[in-house]
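Welcome! Here are a few short exercises, each followed by a worked solution. Have a look at the model below before you begin.

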Amino acid sequence: MKQKTAWFCTSCGNKQAKWAGQCPVCQEWNTLQEEVEVVERSKAPGIKKLTQPVRLDEIVNRPLERAKTCFSEFDKVLGGGVVPGSLILVGGDPGIGKSTLSLQVAHSLAKKDSAVLYISGEESLEQIALRAKRLHVEASHLLFSNATEVTEIARWVKECSPSLLIIDSIQILFHSDIPSSPGSVTQVRECTSYLMNLAKATGIATIIIGHVTKSGEIAGPRVLEHLVDTVLYFEGEKQQNLRLLRSMKNRFGPTDEIAVFQMGELGLSEITNPSKLFIEDRAKGTTGSVITPMIEGTRPILIEAQALVTDTFYPTPSRRSAGLDPNRLALLLAVCEKRARFKLHQSDVFVSVTGGLKITEPAADLGFLLAIVSSFANKVFDHDTIVIGEVGLGGEVRAVSRIEARLKEAIQMGFTRCILPAKNHKSAEPFRKSLQFHPVSWVDEAIDAVL
Ligand code: TYD
Ligand code: MG
């Protein structure tokens with residue numbers, strides 16, 4: 001094998017000939033590392049070459065036999081279960097619960113006729129055994145190994161022929177033919193493509209765990225996103241026990257789907273009704289709280305938009321947001337000033353979303369705006385009303401997508417009134433019996449409804 005070095009970005013995998021302080025592709029600082037470049041690719045096991053192109057009607061589509069795990073929510077995120085031969089990347093911060101999730105999934109899939117092979121490079125077998133005991137995992141068809149060299153892992157896979165292979169984590173694996181150290185971009189990439197070929201050749205589903213890395217020495221999971229079939233990210237505040245599993249890419253199902261878990265004494269348990277969890281703690285009768293339905297993937301979730309507006313004692317007022325994009329908050333405040341003539345430039349404004357969710361949908365705009373108004377004017381917002389609508393720069397309230405799903409969720413959770421964009425009113429008609437509608441075209445109309 002010929003040896004040549006290049007500089008690789010450990011955040012996005014970008015390769016270039018020279019060092020730079022900032023990666024020109026992902027704009028991260030101090031992430032470029034010099035590595036030996038693999039000129040000749042290592043030979044992968046048993047790839048069949050398709051020599052002749054085939055017509056679409058000649059391709060036989062076998063139905064996917066997805067394996068169901070103990071988590072119906074996890075299955076839903078994957079598109080209905082684990083597809084044989086698929087390569088799934090589970091990324092997330094260290095300590096968020098990736099190993100716990102994988103172990104619980106492994107446990108539920110380990111059966112008499114199909115073992116699960118768990119490669120634990122990060123933790124010793126004793127540590128894994130302790131964790132397994134804590135989680136009451138006792139399956140005798142769950143096999144553990146400390147192997148970290150991929151060709152050795154391939155040998156064990158052939159020997160045990162498991163139905164599922166779990167790699168914990170990819171940053172610890174290496175291929176003995178490649179000179180760079182484990183965790184480098186080249187190793188991480190080559191090991192992943194080796195595992196991809198192994199999964200496709202054997203039909204064994206593989207879960208790869210990848211830590212999100214803060215410093216630039218170890219390649220992060222983003223480097224291999226394009227190599228795998230499915231990319232799942234495990235998120236959440238470590239202080240809270242709520243965890244979100246989000247699919248960013250899925251060749252076998254929908255993307256942007258989320259599953260909500262709770263970390264407890266006995267590991268993770270799934271939450272099938274997240275709306276209930278997100279709004280159950282709200283204090284009725286306080287100002288600055290509005291419930292708005294969001295769409296996460298294919299599911300509607302009710303969230304509580306909270307705002308606190310107080311007089312400022314400094315020349316520059318403070319604007320803080322948790323879960324809402326600060327630019328979006330600035331826009332909403334500007335609209336409030338212009339359309340409703342609120343003197344918000346003399347106020348500190350704080351907004352947050354309960355449960356540590358990140359709001360990316362503009363459909364929550366009107367909800368946040370009314371929460372801000374409610375706190376500013378010291379008026380309690382009706383706790384049986386939900387608010388839906390995107391706010392434009394001119395103060396217009398714009399229609400949102402999937403209004404039916406949002407309304408259904410609100411009715412299910414017992415809400416009886418709804419402020420919604422006038423343009424959505426017609427599609428909301430079928431729900432007239434359960435919800436009283438208050439259609440609005442401009443933010444002023446919505447604000448009037450609060451004050
Ligand atoms: P872990 O799965 O080891 O995280 P990762 O593999 O993503 O680094 O989970 C680590 C945290 O989870 C640890 O702080 C302890 C906590 N935990 C529980 O709260 N309950 C449990 O049953 C288990 C196994 C872990
Ligand atoms: Mg771990």
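**Exercise 1.** Find what glutamine 16 touches, leaving aside residues up to four places away in sequence.

*Solution.* Start with the contacts: glutamine 16 touches Ala6, Trp7, Pro24 and Leu32, where contact means heavy atoms within 4.5 Å. Next, place the residue: glutamine 16 is found in strand S2, residues 15–16 (helices, H or I, of at least four residues and strands, E, of at least two are DSSP runs, numbered from the N terminus). Then follow its side chain, which reaches the backbone oxygen of lysine 18 at 2.9 Å. The side chains of glutamine 16 and asparagine 14 are also joined, by a polar contact of 3.4 Å. Such a contact is a pair of N or O atoms within 3.5 Å; within protein, one must be able to donate a hydrogen and the other to accept it, and residues adjacent in sequence count only if both atoms are side-chain atoms.

Before going on, note that this is a predicted model, in which local features need pLDDT of at least 70 and side-chain atom pairs count only at pLDDT 80 or more, while totals for chains, interfaces and linings use all residues. Residues are numbered from 1 along each chain as its sequence is written, chains are lettered from A and ligands numbered from 1 in the order in which they are written, and side-chain values use heavy atoms, with hydrogens and water left out.

**Exercise 2.** Describe the surroundings of ligand 1.

*Solution.* First, the neighbours: 16 residues surround ligand 1, and Gly95, Lys98, Ser99, Thr100 and Gly264 come nearest (near means a heavy atom within 4 Å). Second, their origin: helix H2 (98–109), helix H3 (125–134) and strand S11 (258–264) each supply at least two residues of the shell, and H2 gives the most, with 3. Third, the polar atoms: a polar backbone atom of glycine 95 is 2.7 Å from an oxygen atom of ligand 1, and one of glycine 264 is 2.7 Å from a nitrogen atom of ligand 1.

**Exercise 3.** How do domain 1 and domain 2 meet?

*Solution.* Begin with the bounds, from an automatic or database domain assignment: domain 1 covers 1–40 and domain 2 covers 66–272. Their C-alpha centres lie 26 Å apart. Now count the contacts: 15 residues of domain 1 are in contact with 16 residues of domain 2. Finally, the area buried between these domains is about 1,200 Å², meaning the accessible area (1.4 Å probe) that two parts lose on being put together, summed over both. Carbon and sulfur atoms give 56% of that area.
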